[in-house]
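Work through the following exercises with the sequence and the three-dimensional structure at hand. Each task is followed by a solution in steps.

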Amino acid sequence: MKLEFPLLGLVAARAMSGYDIKRWCEVEGKFVGLDRHGSQIYRELNRLQAEGSVESRTDPRDGGPDAKMYTVTDAGMQRLRHWVRSPYVPPRRFQDPEFAFRLRVGMMLREPGMLDLVREELAARREQVRLNRNRPYDTETDADRADIDAEALDFIAHQIRHQGERQIDEWIAWLEQLQEVMRDRADAAATERSGRSKASS
């Protein structure tokens, strides 16, 4: 995922300085796999401003240097919506930052299709488990390698694999719960719209 889309999503929600974004990446960003260095953030903000996707204003600060506050432009918002609406191809690695940011930005912008996005990610991870869960372990070693502890290798390979299986199972369980909650939200919103329509007629 290109850094431009998370940055556009962040400054679409509120005006932020480069330092604000850096701090966000260091805290919230860790939960979605977006822990970027400050130099990357500033370089990308400059590029986005040069192309007209963001604009900046100076915010005077008492007792410190002025802050350069960035916000999204109409062109940047259009670019952001285009990305959210573009086809989603689930990456091989689950918990990839792109899914979380697409969902975050899409929900924020009230984009349709976010429930379908969750369903697509869920289907991909279930298929991943189906294809890989019972594959045999590959921990073979050459018999003449006296410096290799084959038993220790087999032990730790099993531990690592079991941990990975637990993580993807937890991810799938969260997606299933999220799908149900989002479906309930959609049903409640539809009921509310229907009630307003009947009341006005």
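**Exercise 1.** State how much accessible surface the chain has and what share of this surface belongs to carbon and sulfur atoms.

*Solution.* The accessible surface, computed by the Shrake-Rupley method with a 1.4 Å probe, comes to about 13,100 Å². Carbon and sulfur atoms account for 49% of this surface. The model is predicted: local features need pLDDT of at least 70, side-chain atom pairs count only at pLDDT 80 or more, and totals for chains, interfaces and linings use all residues. Residues are numbered from 1 along each chain as its sequence is written, and side-chain values use heavy atoms, with hydrogens and water left out.

**Exercise 2.** Determine which residues of helix α7 are buried and what covers them.

*Solution.* Buried means under 20% relative accessible area (1.4 Å probe, protein chains only). Of the 201 residues of the chain, 32% meet this criterion. In α7, the buried residues are Arg161, Glu165, Ile168, Trp171, Ile172, Leu175, Leu178, Gln179 and Met182. Their cover includes α5 (97-108) and α6 (114-132).

**Exercise 3.** Compare the expected span of helix α7 with the distance between its end C-alpha atoms.

*Solution.* The expected span is 1.5 Å times one less than the number of residues. Helix α7 has 51 residues (150-200), so a span of 75 Å is expected. The end C-alpha atoms of α7 are 75 Å apart, which agrees.

**Exercise 4.** Locate the positive and negative charges of the chain relative to each other.

*Solution.* Lys and Arg count as positive, Asp and Glu as negative; His and the chain ends are not counted. Each charge is placed at NZ of Lys, CZ of Arg, CG of Asp or CD of Glu. The mean positions of the 33 positive and 35 negative charges are 7 Å apart.

Note on methods: Buried means under 20% relative accessible area, exposed over 50%, partly exposed in between (1.4 Å probe, protein chains only). Helices (H or I, at least four residues) and strands (E, at least two) are DSSP runs, numbered from the N terminus. Contact means heavy atoms within 4.5 Å.
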